[in-house]
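Ready to practise reading a protein model? Take a moment to turn it around on your screen, then try each exercise before you look at its solution.

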Amino acid sequence: MSVLFANVTALTMDPARPVVENAFVAVEGTKIVSVGTVRPEGTFDRVVEGKGKVLMPGLVNCHTHVPMTLMRGYGGGHDLQHWLHDYIFPAEARLDDRAVAAGAALGLAEMIASGTTCIVDMYMHTGTIAQEILKAGISANLSCGGVYFGAPEDFSPDKCNDCRNQQELTEQWHGAGEGQILVDASIHAEYTSNPPLWQWMADYAAQHNLGMQMHISETQLEHESCLEKYGKTPIALLDQYGVWERGGTAAHCVWVTDEDMALMAQKHITAVHNPVSNLKLGSGVARVPQLLKAGVNVTLGTDGVSSNNNCDLFEEIKLAAILHKGVQHDPMAVTAREALAMATVNGAAATGRDTGVIAPGKMADLILVDFTASNLTPCHDVEENLVYAARGSNVEMNMARGQVIYEKGEFFTLDLERIRYEVEHYALPKIFPQD
């Protein structure tokens, strides 16, 4: 299908031409074919009139646990360890494929309506999530979050559930949907595993050319316990086992050191900033300005809804921009453009996808934001409005991989009524049974 966006203000994220007024952006199939201020010749299957609208790259949510929408607000008021062990892990133990499918579909609906076109997700029942991703139409880098609590000397990939999960996930889903789904190798965290799993997962990633996902230095306790046990920070420790040889996404990075940052830049490890989740759990504030100065690719994530409590990446963009200004006492600590880059072009780099920029040849992951809304009027600066005033509810259209999957409140790939029924009548009773 061919689509022409006409007379839009295009936020391209191309440094050479960041904002193009009265732009024409043409899409053919899954790709952007032209961007300019003159209407391209030829006919189009659809022309979208863009006066009063801003067209920008779709948002990339680089750290999610999408089925955790089922636990929205559950166990609030606790630090990470108590929250996980006393609330989340017991609830997750009751999940099955059907409940995970319902939670994943609900989370995807929320993300799509607020402008997300690609996610990086780590969760169990990963094949079920992959099925929901294919239906929804967005792109995803999926992982199972490898865990191993056994004695190191007893480790065997044949007996480790998450080694088998990794193998099955890769064989069944890597490259599915013509690249819509990519599979990453993953280690949940240093504190939920030990060296034999790290080595196996690093070797597996190298053998299969996979990316890597991991939680890193989310809390002070996690970071300092690793130092006490191994004499190294989590980033440095995992590097010793080859985990970062192909780069990867390190979620949180709240407590990484200056030396860690240098290693991250050297190894092309992306830091995924999750400001809302980190603040809600009292984990701290990642030193994003320092990460940027060190040359680290920084992206944004919402984390799980259970510690956020929503999937609106515009909220993360705003918080990423304002939080560090206050912490650093510097109004330029993170600029509006840097915050937007974290949610678009930086996320594309982290996921290995040719998107995040409005330019010919790029994947047509595009969102249309209604700048006639009262909270976006007047507009003196497009980037300032998007960062400090926009909300996910201002997204009017979501085009993922050249397909319009959402427009003006209507989902074209998801059945929201069925999803709500499954959540209310199956998933919630399943994981929160009444006494």
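The exercises below deal with a predicted model, and each one comes with a worked solution.

**Exercise 1. Check the length of helix α6 and find its buried face.**

Work out what span helix α6 should have, compare this with the distance between its ends, and then list which of its residues are buried.

*Solution.*

Step 1. Helix α6 covers residues 195-208, which makes 14 residues.

Step 2. The expected span is 1.5 Å times one less than the number of residues. For α6 this should come to 20 Å, and the end C-alpha atoms are 20 Å apart, so the two values agree.

Step 3. Now look for residues under 20% relative accessible area, the cut-off for buried. In α6 these are Pro-195, Leu-197, Trp-198, Trp-200, Met-201, Ala-202, Tyr-204 and Ala-205.

Step 4. A general rule helps you read such a list: an α-helix has 3.6 residues a turn, so residues three or four places apart point the same way.

Step 5. Finally, see what lies against these residues. The buried residues of α6 pack against two other kinds of element: the helices α4, α7 (220-230) and α8 (234-240), and the strands β10 (185-187) and β11 (212-216).

**Exercise 2. Explore the nonpolar cores.**

Find which residues touch the most other members of the largest nonpolar core, and which element gives the largest share of this core.

*Solution.*

Step 1. The largest nonpolar core holds 64 residues, and those that touch the most other members are Trp-244, Met-264, Phe-314 and Leu-386.

Step 2. Helix α6 from the previous exercise turns up again here: it provides seven residues, the largest share of this core.

Step 3. A second core, of 46 residues, lies apart from this one, and its members include Ile-119, Ala-136, Val-183 and Ile-419.

Step 4. Return to Met-264 and leave aside its neighbours within four places in sequence. Met-264 is then in contact with Ile-235, Ala-250, Cys-253, Val-256, Ile-269, Thr-270, Ala-271, Leu-291 and Val-296.

**Exercise 3. Describe the two largest pockets.**

For each pocket, give the volume, the residues closest to the centre and the element that gives the most to the lining.

*Solution.*

Step 1. Start with the largest pocket, which has a volume of about 470 Å³. It is lined by 27 residues, and Phe-89, Glu-92, Tyr-123, Met-124 and His-188 are the closest to its centre.

Step 2. Two elements, α1 (80-92) and α4 (161-173), give two or more residues to this lining. Helix α1 gives the most, with six residues.

Step 3. Sort the lining of the largest pocket by class: 14 residues are nonpolar, nine polar and four charged.

Step 4. Move on to the second largest pocket, with about 320 Å³ of space. Of its 26 lining residues, Gly-211, Arg-246, Ala-350, Thr-351 and Gly-352 are the closest to the centre.

Step 5. Helix α14 gives the most to this second lining, with three residues. By class, the lining of the second largest pocket has eleven nonpolar, 13 polar and two charged residues.

**Exercise 4. Look for enclosed space.**

How many cavities of 30 Å³ or more does a search of the whole structure find, and which residues line the largest cavity?

*Solution.*

Step 1. The search finds one such cavity, and about 30 Å³ of space lies in the largest cavity.

Step 2. Its lining consists of Cys-62, His-63, Met-122, Gln-213, Met-214, His-215, Thr-249, Ala-251 and Val-272.

Step 3. Strand β11 gives the most to this lining, with three residues. The classes are five nonpolar, four polar and no charged residues.

**Exercise 5. Spot the unusual backbone.**

Find two cis peptide bonds and two non-glycine residues with a positive phi.

*Solution.*

Step 1. Recall the general pattern: most residues other than glycine have a negative phi, and most peptide bonds are trans.

Step 2. Asn-308 and Asn-309 are joined by a cis bond with omega about 25°, and Asn-309 lies in the loop between β14 (298-300) and α12 (313-328).

Step 3. Another cis bond runs from Thr-377 to Pro-378, with omega near -5°. Pro-378 sits in the loop between β15 (366-370) and α15 (382-388).

Step 4. Met-13 has a positive phi near 65° and belongs to the loop between β1 (2-11) and β2 (19-28). Met-13 counts as buried because its relative accessibility is 9%.

Step 5. Asn-209, just after α6, has a positive phi of about 55°. Asn-209 is exposed, because its relative accessible area is 53%.

Definitions and conventions:
Residues are numbered from 1 along each chain as its sequence is written. This is a predicted model: local features need pLDDT of at least 70, side-chain atom pairs count only at pLDDT 80 or more; totals for chains, interfaces and linings use all residues. Side-chain values use heavy atoms; hydrogens and water are left out. On a 1 Å grid over the protein atoms alone, a cavity is a set of points where a 1.4 Å probe fits but cannot get out, and a pocket is an open set with protein on both sides within 12 Å along at least five of seven lines; lining residues have an atom within 4 Å of a point. Grid points are joined across faces, edges and corners, and a volume is the space filled by probe spheres set on the points. Helices (H or I, at least four residues) and strands (E, at least two) are DSSP runs, numbered from the N terminus. Ala, Val, Leu, Ile, Met, Phe, Trp, Tyr, Cys and Pro count as nonpolar, Asp, Glu, Lys and Arg as charged, and the others, Gly among them, as polar. Buried means under 20% relative accessible area, exposed over 50%, partly exposed in between (1.4 Å probe, protein chains only). Contact means heavy atoms within 4.5 Å. A nonpolar core is a set of buried Ala, Val, Leu, Ile, Met, Phe, Trp, Tyr and Cys residues joined through side-chain atoms within 4.5 Å.
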